[in-house]
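Me: Please take a close look at a single part of this structure, beginning with one pair of residues. I should then like a connected account that works outward from there.

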Amino acid sequence: MSEQSVDRLLGALAEAAELGAGRVPEDELEQVRRIAERAGERRALSSEHTVVGFFGATGSGKSSLLNALTGEPIARTHVRRPTTSVPLAAVWNPRGASALLDWLQVSDRRVMEQPFAEGQQLSLILLDLPDFDSVALEHRAVAERLAGQVDVLVWVVDPQKYADAVIHRDFIAPLAAHASVTAAVLNQVDRLPQAEVGQVVDSLRGLLRRDGLDRVQVLPVSATEGSGIGELRQLIARFASERKAASERLAADVRSIAGRLEAAGVPGRVRGADVQALERGLASAAGVEAVAQAVAGSYRKRAGQATGWPLTSWLLRLAPDPLRRLHLAFGRDRGGAEVHRADLHRTSMPPMSAAQRAQAGLAVRAYADSAAAGLGEGWAASIHEHAADALTALPAELDRAVARTDLGARASWWWPLLAAIQWLALIVAVIGGVWLLLPVLLPLWGMVPPAIPQVEGTESWFDGWPVPLLGLIAGVLLGIVLGLLGALIGGAVGTARRSRARRRLRKQVGAVARERVVLPIEGERERAREFAVAVARAAGRP
């Protein structure tokens, strides 16, 4: 893998870490920071040298394997030092290796004079490491630390312990993403009957496959007899000659942590039905239906006042106007100004009851649950935090949304027309009634009463009726009929105004839902999507 490719992977991992801050576990972000730091340190050191570490359990023969590969008994002096805690390095081409070994914290070093592979001048470091199953925790810690630093990992096992579950679970499987820079050596095959060597190798391959290392080469070796040493030397020489192991190791580190970050998941699709359910729940909590009913009631009341029979319609003024009681505007005039309380910012509707708050909470949390589907705990918690913030602000925001809605309850054009006819009918009735009273009242005052005309020549049952009486009856009947007609029209129009007000209120509530709930949560979901894309790029996938 090229340096540019590693740079891209590291860049994608850094972007994922930035996006995931506060959303993914801190220990995983700390691993990202350590990988980035280790990558920078390793790339600042010798790029010529390939560091190969031999990892194994007690008695696996790591030291004898190193002696066989070097062709010198360098591990014999190793016996006189604390072999279980201090790693030993065999170095070919020491120029530039000191800083790298200092970074690895390896002080016991042997410079090799003979070439590692015939005809090749390789820059190579082989490390004989402490046993990773040591009962001394500090010894095990050295092996674990260097497992995260070397370029190539060689797992050395013996026929007795190759299937040890602890070795596979605690050491080999966690580094399964590093298959491209990993090899497995079955040492001490000289202790097996020749017929069983192939069976044990196949068994080890199966175990490694279950660990996730299905592409790792398994070499049967006998360090004491020298069988398989040539093949192992060729494999290590290939790693060193290609000089890609360090980059491959860094890329494997990035892919490994990226694989764990993928557990954060990818946000699913939020359905339109989820948004609609949210808007319905908030509309119910905001009292939209009650306000819409108030619009219809206010319209019917004012229509009755304007078009009802003048002798009785004044009684409607004694009843409170439903909209005025809520301090809500009737609507807007043609110029755009509110007819009622133009400076209104809040209603005088009662605060949300516990039931309404619970309804709003259920709607918001249900939407948050839907929006968080497919995401890990950290992202889901962040989405629910946005939902909790929205719930705090929603009561006031919904109240303002109701207050600024054009409810469309203003007067209609037909009110003045019916009112004019009502007054005309009343005037006719009053004139007729007064005319009928004049023959009774004027003689009391010594005045000559006027004549009372009668209907004649119509050949109908109206013939002989006094005209003033007909005027009185017609005026009263017309007023009553117009009052009933106005009530019917007012009821029908009020119902239509209620539906229109409900739509407008729901639109305003929907705007609040989008601004306070949907957009913040969608912003978090978009961040989660960007995080997932960055993680996928860090893992080496499109």
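Reply: A90 stands opposite L126 of strand β4. The structure is a predicted model, in which local features need pLDDT of at least 70 and side-chain atom pairs count only at pLDDT 80 or more, while totals for chains, interfaces and linings use all residues. Residues are numbered from 1 along each chain as its sequence is written, and side-chain values use heavy atoms, with hydrogens and water left out.

The two strands concerned are β2 (residues 88–92) and β4 (residues 124–128), which pair in the antiparallel sense over five bridges. Strands count as paired if DSSP finds at least two bridges between them. Helices (H or I, at least four residues) and strands (E, at least two) are DSSP runs, numbered from the N terminus. The pair belongs to an open sheet of seven strands with mixed pairing, in the order β3-β2-β4-β1-β5-β6-β7. Strands β3 (108–111) and β7 (217–220) stand at its edges with a single partner strand each, so one side of each has no neighbour in the sheet. On average, neighbouring strands of this sheet are turned by 20° against each other, direction ignored.

The loop that follows β4 takes part in a salt bridge, that is, a side-chain nitrogen of Lys or Arg within 4 Å of a carboxyl oxygen of Asp or Glu. Here K62 pairs with D131, the closest N and O atoms being 2.5 Å apart. K62 lies in helix α3 (residues 62–70) and D131 in the loop between β4 and α6 (137–147), so that distant parts of the chain, 69 residues apart, are linked. Both partners are buried: the relative accessible area is 6% for K62 and 13% for D131. Buried means under 20% relative accessible area, exposed over 50%, and partly exposed in between (1.4 Å probe, protein chains only).

The whole structure holds 27 salt bridges. One network of them links R140, E144, R169 and D170. Within that network, the side chains of R169 and D170 meet at 3.1 Å, N to O; R169 is exposed at 52% relative accessibility, whereas D170 is partly exposed at 31%. A further salt bridge joins R514 and E279 at 3.4 Å, N to O. R514 belongs to helix α18 (residues 467–538) and E279 to helix α11 (residues 272–285), so this pair ties together parts that are 235 residues apart in sequence. R514 is partly exposed, at 39% relative accessibility.

Helix α18 leads on to the helix packing. Helix α16 (residues 377–403) packs with α18 at an angle of about 160°, their axes 10 Å apart. Axes are lines fitted to C-alpha atoms, for helices over the stretch in contact, and angles run from 0 to 180 degrees between N-to-C directions. The two helices are therefore roughly antiparallel; angles under 35 degrees count as roughly parallel, over 145 as roughly antiparallel, 65 to 115 as roughly perpendicular and the rest as oblique. Helix α15 (residues 354–371) packs with α16 at about 155°, with axes 10 Å apart, which makes α15 roughly antiparallel to α16.

Finally, an unreviewed UniProt entry places the feature "transmembrane region" at residues 413–438 and 469–496. Such positions are given in the numbering used here, with feature names shortened, and annotations may be inferred rather than shown by experiment. Residues 413–438 are 96% helix and 0% strand, with end C-alpha atoms 39 Å apart. Residues 469–496 are 100% helix and 0% strand, with end C-alpha atoms 40 Å apart.
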